[in-house]
Amino acid sequence: MLRLRDGMQSFMRTFTGKAGMATGQHQVQTLSEEKKMKCILFGGSGDVGGAVARALIKSDVCSELTMLGRRAVPSMEHEAKVRQVVVDTSSADFEKVVTERAQGHDIAISCIGIGSGTAWMSEEQMLEVEVHMLGKFARGCKAAGIETFELLTAVGVTEASANSRIKGLRVMGKKLQTVLDVGFEKLAVFKPGMILGNSHTPKWVTVLTSVIPDSFGWGNIHQEEVARAFVAHLQNKVELQTEPVVSYGNQEMKILLQEQGAEKLA
């Protein structure tokens, strides 16, 4: 019996890399240790985009971060992982510039958005930023050979939203459809509800939404949680993704972070 027990322990160490560890757990750990990714981020000067940039810098999964935008972010000037590229996003050759700058990268991430300014903008103005500019970025990344894309949208946004009677939801639906049309092999869509810690979120609203369960999607989530979910997907899920599109609402993002925390403790 002693020899049998020792033999089984030896087999488990060989098969999983650690006695008693589940195969799936070992698979996630191996992927997170071995896969280092070069990421290109569009919209890193915003609240959520800045949080995503900080989370990527802290993570082991991101080996290099290119931040593409209309202006440099002062807080990122001395970060060793970061390369800031200032571009004219309104230029006719913006898509071509993206293709050139995205060469050699593994992951493209968009956190571009208007924020609280949507109430004062026409639909055409919103489309220029949320759809046309984003489309150029996405297509440029695809042309550069990138097949994995992470997209920030909002709760309730689906392909059908493009036909909504509500201006903001209609624009966001077209935003999602634009990226879907590019045809990335792997797309992760993040749909947060009310974002805490964000300069565009009225505090009085978060008091009301604090009682909404995560399963409804419209409740509160901190922007640091959203940012860490972007990273957790790259670290633990993207290599195992078999569907072309996966979506994360509040509940899914928090579960993703809980799973990551449990793996670190294991």
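The side chain of Asn 250 reaches the backbone nitrogen of Gly 193, at a distance of 2.8 Å. This distance, like every other value below, comes from a predicted model. Asn 250 belongs to helix H9, and its relative accessibility is 0%, so the residue counts as buried. Which residues surround it, once its neighbours within four places in sequence are left aside? Asn 250 is then in contact with Lys 191, Pro 192 and Gly 193, and also with Asp 214, Gly 217, Gly 219, Asn 220 and Ile 221. The partner of the 2.8 Å approach, Gly 193, is thus one of the residues in this list.

Helix H9, which spans residues 250–265, also takes part in a salt bridge through Glu 259. The side chain of Glu 259 meets that of Lys 237, with 3.2 Å between N and O. Lys 237 lies in helix H8, residues 223–237, so this pair ties together parts of the chain that are 22 residues apart in sequence. Are these two residues buried or partly exposed? Lys 237 has a relative accessibility of 31% and therefore counts as partly exposed. Glu 259, with a relative accessible area of 34%, is partly exposed as well.

The next salt bridges concern helices H5 and H6. Three residues, Glu 123, Arg 170 and Lys 174, are joined into one network by salt bridges that share partners. In one of these bridges, the side chain of Arg 170 meets that of Glu 123 at 2.7 Å, N to O. Arg 170 is found in helix H6, residues 167–182, while Glu 123 is found in helix H5, residues 123–143; the pair links distant parts of the chain, 47 residues apart. Both Arg 170 and Glu 123 are buried. For Glu 123 the reason can be followed directly: its relative accessibility is 17%, and buried means under 20%.

Glu 123 also meets the side chain of Lys 174 in a salt bridge, at 3.8 Å from N to O. Why does this pair tie together parts that are 51 residues apart in sequence? The pair does so because Glu 123 lies in helix H5 and Lys 174 in helix H6. Unlike the buried Glu 123, Lys 174 is partly exposed, with a relative accessible area of 29%.

A search of the whole structure finds 8 salt bridges. Among them are the bridge between Lys 237 and Glu 259, the bridge between Arg 170 and Glu 123, and the bridge between Glu 123 and Lys 174.

Terms used:
Residues numbered from 1 in each chain as written. Predicted model: local features only at pLDDT ≥ 70, side-chain atom pairs only at ≥ 80, totals over all residues. Heavy atoms only, no water. Salt bridge = Lys/Arg side-chain N within 4 Å of Asp/Glu carboxyl O. Helix = DSSP H or I, 4+ residues; strand = E, 2+ residues; numbered from the N terminus. Buried < 20%, exposed > 50% of the residue type's maximum accessible area, 1.4 Å probe, protein only. Polar contact = N/O pair within 3.5 Å; in protein donor to acceptor, adjacent residues only side chain to side chain. Contact = heavy atoms within 4.5 Å.
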